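Student: I have a model open and I'd like to learn how to read it piece by piece. Can we start from a single residue and work outwards?

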Amino acid sequence: MATKRDINLVLRDHDKELMAIPGVVGVFVGVLPDGKTPCLKVMAAKKTRELQRRVPKSVEGYPVVVEETGPIRPLEFH
């Protein structure tokens, strides 16, 4: 099996294309439920069938997981 590139470099090289998918509000490096397999997590305002169809299932061999987070807004400090 070929050695995969570091997942942080994969994220850096693909974050713009993932963020360009309508409904995607963020991307980050995470782990699968097994607690050890690295993956790319895509945060979605709403997890729709259309969004899931457009988000790749994997990027450079790393699984991609879509999580519904709702809209992301900056915090307001008073």
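Tutor: Happy to, and keep in mind that this is a predicted model. Let's begin with H14, which touches V59 and E60 once residues up to four places away in sequence are set aside.

Student: Which helix does H14 lie in?

Tutor: H14 lies in helix α1.

Student: Is H14 buried or exposed?

Tutor: The idea is to compare the relative accessible area with a cut-off: buried means under 20%. H14 has a relative accessible area of 15%, so it counts as buried.

Student: Which residues of α1 are buried?

Tutor: I7, V10, L11 and L18 are buried in α1, along with H14.

Student: And what covers the buried residues of α1?

Tutor: The cover includes four strands: β1 (24–31), β2 (38–44), β3 (58–59) and β4 (62–68). The helix lies across these strands, and runs at about 160 degrees to β1.

Student: How do I check a helix's length against its residue count?

Tutor: Work out the expected span and set it beside the distance between the end C-alpha atoms. Helix α1 covers residues 7–19, so its 13 residues at 1.5 Å a residue should span 18 Å. The end C-alpha atoms are 17 Å apart, which agrees.

Student: Where does α1 bend?

Tutor: At D13, by about 45 degrees.

Student: What should I look for at the start of α1?

Tutor: Look at D6: one of its side-chain oxygens comes to within 2.8 Å of the backbone nitrogen of N8.

Student: Now the strands. How do I read a sheet?

Tutor: Strands of a sheet pair through backbone hydrogen bonds, and the pairing is either parallel or antiparallel. Here you have an open sheet of 4 strands, in the order β1-β2-β4-β3, with mixed pairing. At the edges sit β1 and β3, each pairing on one side only.

Student: Which strand runs parallel to β2?

Tutor: That's β4, joined to β2 by 5 bridges. For a bridge you can click on, take V42, whose partner in β4 is V66.

Student: In what sense do β3 and β4 pair, parallel or antiparallel?

Tutor: Antiparallel, over 2 bridges. Find S58 and you'll see it opposite P63 in β4.

Student: What links β3 and β4?

Tutor: They form a hairpin, with 2 residues between the strands. In that turn, E60 has a positive phi of about 50 degrees. That brings us back to where we began, since E60 is one of the residues H14 touches.

Terms used: Residues are numbered from 1 along each chain as its sequence is written. This is a predicted model: local features need pLDDT of at least 70, side-chain atom pairs count only at pLDDT 80 or more; totals for chains, interfaces and linings use all residues. Side-chain values use heavy atoms; hydrogens and water are left out. The expected span of a helix is 1.5 Å times one less than its number of residues. The bend at a residue is the angle between axes fitted to the seven residues ending there and the seven starting there. Buried means under 20% relative accessible area, exposed over 50%, partly exposed in between (1.4 Å probe, protein chains only). Contact means heavy atoms within 4.5 Å. A polar contact is a pair of N or O atoms within 3.5 Å; within protein, one must be able to donate a hydrogen and the other to accept it, and residues adjacent in sequence count only if both atoms are side-chain atoms. Two strands pair if DSSP finds at least two bridges between them. Axes are lines fitted to C-alpha atoms, for helices over the stretch in contact, and angles run from 0 to 180 degrees between N-to-C directions.
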